[in-house]
Amino acid sequence: MNTVTRLLICVCCVTLALGCQPAGAVESGEGEASAAAAVPAPLEILAHAPILDGVIEDDQWTVFHSFPAGDSAASISAAWDAGRLYLAADCPETASAVFYLDANADGWLVGADNFEIRTVTSTSAPQVTVLLHNALQAPAAEPSPVVLDARAAFRTVGARTVVELEIPAAPSKGLVYEDGKAIAVGAGICLASDPSKMIPAEPRATLKAFVLKDEIQPVAIEGLKLDIRMKDRKLIAGQTLSLDFHADNTATEPLAYSNFTIGGEPRVADLLNALRVRGGVLQPGKGIKWGFSTGLPETMPLGTFSVLGEMNLEDGRKARVVSSFDVVEPFEAALDTGSGPLVPGAERKIVVSVKNNTNGPVNGTVRLVLPQSLMGGVTKDTLKFSVRSEGSTSRVEFKLRRPADTADGEQTVVAEVEVKGVSRQLESAILLGPVQ
Ligand SMILES: [Ca+2]
Ligand SMILES: [Ca+2]
């Protein structure tokens with residue numbers, strides 16, 4: 001038996017290569033009913049993008065449809081990350097597969113969001129054709145080709161083919177993937193043994209709705225306790241995130257694992273290091289501890305982010321622990337120039353409050369930048385400060401005396417706060433008024 005293995009990855013071929021077709025056009029009512037009737041299942045965001053290689057990775061895909069195909073069965077899966085939707089078909093050797101994407105889950109052939117993505121796998125390289133059925137512009141049964149950088153890969157091993165498809169977000173075309181968004185997808189295949197027959201006969205009537213969920217959930221396995229212990233959960237850009245990953249076998253049997261990984265969630269996956277450690281065996285009652293650290297770039301955005309520790313067991317199960325950290329401003333500062341008019345010869349307290357957001361001391365300087373007319377009104381225009389502990393505030397006070405010969409009117413006072421090269425400028429108005 002000559003087994004031919006094909007591994008081909010193709011970048012968006014827009015050639016209109018038609019595979020087999022569904023039996024006929026679906027009226028809008030049918031598809032709408034099937035998409036709207038079911039309660040949408042959550043589709044969890046991926047911690048790591050799948051590799052487009054015609055192999056379905058463990059635990060990355062959610063199977064949403066299985067049906068008989070030839071002598072065996074086919075299954076269709078979906079997955080998503082911040083910028084892409086992924087669809088896959090695992091089936092007997094195919095000639096082609098077609099995927100249907102109702103981007104707003106408002107019904108097939110309803111609205112301008114009905115994408116039909118055809119992949120041909122009987123050729124040497126997969127061909128991908130994207131068609132849009134826009135019910136708002138034209139008879140929706142007449143689709144028009146759309147340029148989308150959709151990519152497919154397939155691999156046929158023995159008698160089975162796996163097709164993986166990646167559909168990038170395209171907001172201008174209504175393709176947006178974000179938390180809480182509902183989408184509906186469906187698929188059909190044409191087997192190599194009977195390439196003119198679509199299975200199932202009407203895939204557009206089998207669309208299933210999902211709600212995209214961007215929170216990565218922990219996955220527990222009985223007898224395996226995973227933990228992430230961070231040295232500091234509150235960090236500023238440029239600092240180092242340090243943690244210990246713990247995996248303990250609390251069961252009575254050894255647990256063999258093929259690897260474990262530590263890294264950032266998808267939003268920060270490119271900004272943080274990722275670690276993959278090869279497998280071993282956790283004996284009953286024993287555990288491992290693995291230190292991990294990654295420097296946050298100076299450009300790290302503010303916000304709360306997750307780090308994930310995942311352990312893949314040799315029996316195919318996966319456990320995951322999730323922990324979060326905050327990226328904060330190193331300090332907050334406010335400028336108070338007082339209220340009411342400042343009369344000639346009078347004195348005013350100009351106060352800069354600096355709040356420490358880090359767990360170490362914050363030391364820095366405040367420089368007052370005064371308008372020309374008030375220069376010479378302070379004896380010192382730069383003061384040092386120190387805020388010892390997190391959450392505490394220091395007040396930096398300047399005494400400003402209004403020179404006698406200045407004109408009345410509103411002026412702007414600027415305070416420059418600088419901490420280890422990070423500076424903030426604060427502005428406030430001060431009113432110079434006449435003697436009453
Ligand atoms: Ca893959
Ligand atoms: Ca629709």
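Leaving aside its neighbours within four places in sequence, with which residues is A89 in contact? In this predicted model, the contacts of A89 are A74, I76, A97, V163, A187 and I189, and the first view below is set around that residue.

**View 1. The largest nonpolar core, seen around A89.** The largest nonpolar core of the model has 82 residues, and A89 is listed among those with the most contacts inside it, together with F99, L101, I117, L165, V185 and I189. Of these, I189 is also a direct contact of A89. Strand β12, which spans residues 182-191, supplies the largest share of this core, namely seven residues. Because domain 1 (6-213) and domain 2 (224-327) both give residues to the core, it lies between them. A second, separate core has 20 residues, including A333, V362, A415 and V419.

**View 2. The whole protein and its domains.** The domain assignment divides the protein into domain 1 (6-213), domain 2 (224-327) and domain 3 (331-432). Where domains 1 and 2 meet, seven residues of domain 1 are in contact with eight residues of domain 2, and the residues on the domain 1 side of this contact divide into four nonpolar, no polar and three charged. The secondary structure of the protein consists of one helix and 29 strands. The radius of gyration is 31 Å, well over the 22 Å that the globule rule gives for 436 residues, so the protein is more spread out than a compact globule. Taken along the principal axes, the C-alpha atoms fill a box of roughly 100 × 65 × 40 Å. Of the 436 residues, 36% count as buried, and among contacts between residues at least 6 apart in sequence, 69% join residues at least 24 apart.

**View 3. The open five-stranded sheet that holds β21 and β22.** The strand order of this open sheet is β16-β22-β21-β18-β19, and its pairing is mixed. Its edge strands, each of which pairs on one side only, are β16 (234-235) and β19 (275-282). Strands β16 and β22 (residues 318-327) run parallel and are joined by two bridges, with K234 having D326 of β22 as its bridge partner. By contrast, β21 (residues 303-313) pairs with β22 in the antiparallel sense over ten bridges, and here L308 has V322 of β22 as its bridge partner. These two strands, β21 and β22, form a hairpin with four residues between them, in whose turn G316 has a positive phi of about 100°.

**View 4. The hairpin of β3 and β4.** Strand β3 (residues 62-69) and strand β4 (residues 72-81) pair in the antiparallel sense over seven bridges, and S66 stands opposite S75 of β4. Two residues lie between the strands of this hairpin, and G70 takes a positive phi near 60°.

**View 5. Backbone details in two loops.** A105 is placed in the loop between β6 (94-102) and β7 (114-120), and its phi is near 50°, a positive value in a residue other than glycine. L109 lies in the loop between β6 and β7 as well, and has a positive phi of about 65° although it is not a glycine. A105 counts as buried because 25 other C-beta atoms lie within 10 Å, and L109 is likewise buried, with 21 other C-beta atoms within 10 Å. Elsewhere, the peptide bond from I199 to P200 is cis, with omega near -10°, and P200 lies in the loop between β13 (198-199) and β14 (208-213).

**View 6. The surroundings of S242 in strand β17.** S242 is placed in strand β17, which covers residues 240-249. With 15 other C-beta atoms within 10 Å, S242 is partly exposed. Leaving aside its neighbours within four places in sequence, S242 is in contact with K231 and S293. S242 and S392 are 150 residues apart in sequence, and their C-alpha atoms are 24 Å apart in space.

Terms used:
Residues numbered from 1 in each chain as written. Chains lettered and ligands numbered in written order. Predicted model: local features only at pLDDT ≥ 70, side-chain atom pairs only at ≥ 80, totals over all residues. Domains from an automatic or database assignment. Contact = placed C-beta atoms within 7 Å. Nonpolar A, V, L, I, M, F, W, Y, C, P; charged D, E, K, R; others polar. Buried ≥ 20, exposed ≤ 12 C-beta atoms within 10 Å, placed from the backbone. Rg over C-alpha atoms; globule rule 2.2 N^0.38 Å. Pairing = 2+ DSSP bridges. Core = buried A, V, L, I, M, F, W, Y, C linked by C-beta atoms within 7 Å.
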